[in-house]
Every structure is written in C-alpha cells, then in structure tokens.
Amino acid sequence: MRLMLITDTYPPDINGVARSLSTFAAGLASRGHEVEIVTTVPSDEEADPLRRHVVMAMPLPGYPGLRIGISTTWQMQAKFEEMKPDVLYVATETPLGIASIRAAAKMGIPVVSGFHTNFQTYLEDYHLPGLETVATGLLRAIHNQTFRTLTPSADTASMLERWGIQNVGVLGRGVDTELFSPACRSSTLRASWGADEKTPVAIYVGRVAAEKNLQLLMRAFAAFREVHPSAPCVVIGDGPRLKPLQAEHPECIYTGAKRGTELAECYASGDVFLFPSSSETFGNVVLEAMSSGLTTVAYDYAAPRLVIKHGQNGWLAPFENEEAFLQTTRESVASWDSASIRNLARQAASDYGWKRVIEQFEGELQAAIASKAAAPSIS
C-alpha cells in the first residue's frame, strides 16, 4: 500500500496530534507500506526515515506556534502524480486538506479523513466568536467528501454524527509504556522543584493555550495547595499563553516544552496530574500520565472516561462542572501517594498499546482502497 499522509502539524511540532500521526506513519512503514508525508514543517533530522513534502503555510491567528497549510488542487495533483498513492489520509481541514481532497477526487484516489482537533470550539478563544455554526457546516462538507472519517473517541464520533457527518469511525490512541514509566522518576528533578518524597507534586502537561482551560488549572492548583500548602505546581509545555501565565502566576514552576526521555522524567517525577481541558478529541496526555504511575484528575469524557475508574485508578469530575473539578482535586490530594491507585493507573494504560491501533488504521485504509476498486466505472 502506498499512503500519502496530509497534515499541517507533524514532528518536530510538540503536540498530541503530531505525535499520533508520526506513530501511525512509522507503524505502517514498519509493516512494509510506503508512506510519504505532506506537511508544513521540515524535518529536524538529517536522516528522516519517511519522505516529506513541505508546503507553504501561514500562522494560525492568535496562535503563531501552529500553522495553516496552503496549497492548490493542481499542486497536490502534481504530488500525487509523482507518488501515485493508493490512498490518502487527510488529517487537516485547512486549505491544504481541502486541495488534497479535491485533487484526489479528480484522480480517483480514495481518501480517509481524520478529525483530530475541536477547532470549532476554539473560535471564541481566538477572537472569532459566533462562527461555530459556520465552522461545523464547513467541516461537514469537507468530511462528507471522504470515504470515512476517523476520530479518537466515541464522544467525538457522536458529535460528528449529530453534525451530519457520515460513516464516522473511532480510531483510538495508544501509549509507549516503555518510555512513560514510573521508573523514570527522578529525585533530583523533584528536588529542583522543591519537593522531597513526602511532598506531593501537582503537574500539568500540554499546550499552554486558551483552549486548555488554564484559568481552571490555576484554580485547581490553588485547591491542591489548600490541602497541601507546600506542594509545588508544575506546568510542562509551551504555547501562546505561557508568558502571560508566568506573569499572572509566578508561584508555579514552568519547564517549557519537553520531549522524549525528558518529558517522561517530568511525568514520572510528579504525583497528581491535573487535566481540566474540556476541548479534547481524545487526550493522549492522560494515557501518558497514567502509564507514568500518576493519579489523574480529569473531566468525565474522551480518554479519561475510557480509562479512569473513579476512586480506583484516578478521579473523574462531571463534564464542565468546574466546582466539582476543584472538589475532586482536593479529594485527590489525600491519595497522592497511594501505591494501589498508581499501580492500577499504570495497569489501565498498559492495555492501550499502539500495535492494535496501527493494525486498525491499516485496515481502515485498505477498506477505502477496496471500496474504490469495487466501485463501478463510469464510461
């Protein structure tokens, strides 16, 4: 199978979508498939294992760290003529993705699309209020031109179906349990945060951006310190709100973005993972935190609903109930060092390896190819 993967974000970008897509691509390549990437960012590795086509881009308004890919239908046709892909996976609804879908239609190439980000909910955060209805209509029109739309969670799939998007499937996510492990815990790193083994550390990992509900995060950190006043609160990540947040809340520790073993060490050196976001399509960081042996506090939806059993391996608050989230945070402090919760969290995450996800993704793409082959020709 020859796959061309179309996406605005890809490593070295640091976000859950980029990491997931690179894992999909590498997983398919390891299974003998030919994979090429069309994206907005060049590789930071001299020996990139997959061929990458870099297109023009412009920064997302209000969020310069993310880019919108720009291409034309004829430009994408030229790329397809060169590779002759059997199938496309279009992971973005920007001009790059739209041009790719149109070019594929002209050339008879089947397309599977992905819904990875709730951009329609970000409009108010990024100074574009009142456009959600317009955005959902556009997303419906784009995705209904593809053979199938894949999204990470049942919650998001139900939302897409309510919008009128057809043939929606759930393609979950996995976690690298060897990388994200309690064995990465560092007493040296904890000491640099001002914590010994008798002091709990509350952490957040993710983009430092408006859509991540940062105001509630800071309130949750404060609620955590109500119970344990000496607890360090650590923000791990980067984004457009990092500098303002540092100025507004200097009492927290800010590490900036981390990747690989440094990120794994940060996770494992914490104790309670606070994740107040209500805009995720999945929430990869929840699996990473649980795999690292942390107690997680999150809203009851997407990945948290899937893997957390309230009071057993983590804590769930009713969706978008901020007061309940704060109270749940206070309750979590009492069990921050519970070996049972930590072990059960790790065990739950271990059930979500990447192998089965890659196999399902492979099957979805092959089904799209088969459907095109079975379609009657028009003469």
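**Figure 1. The open sheet.** Seven strands (E in DSSP, at least two residues, numbered from the N terminus) form an open, parallel sheet in the order β3-β2-β1-β6-β7-β8-β9. Strands count as paired if DSSP finds at least two bridges between them. Because β3 (51-54) and β9 (168-170) stand at the edges with a single partner strand each, one side of each has no neighbour in the sheet. From one strand to the next the twist averages 25 degrees. The model is predicted: local features need pLDDT of at least 70, side-chain atom pairs count only at pLDDT 80 or more, and totals for chains, interfaces and linings use all residues. Residues are numbered from 1 along each chain as its sequence is written, and side-chain values use heavy atoms, with hydrogens and water left out.

**Figure 2. Strands β6 and β7 with the helices on the sheet.** Residues 87-90 (β6) and 111-114 (β7) pair in the parallel sense over three bridges. Leu-88 stands opposite Val-111 in β7. Helix α3 (residues 95-107) packs on the sheet and touches β1 (2-6), β2 (34-39), β6 and β7; contact means heavy atoms within 4.5 Å. The direction of α3 makes about 160 degrees with that of β6. Angles run from 0 to 180 degrees between N-to-C directions, and axes are lines fitted to C-alpha atoms, for helices over the stretch in contact.

**Figure 3. Helices α10 and α13.** Helices are DSSP runs of H or I, at least four residues. Helix α10 (residues 284-291) packs against α13 (residues 339-350) at an angle of about 130 degrees, with the axes 7 Å apart. Leu-287, Met-290 and Ser-291 in α10 meet Ala-345, Arg-346, Ala-348 and Ala-349 in α13.
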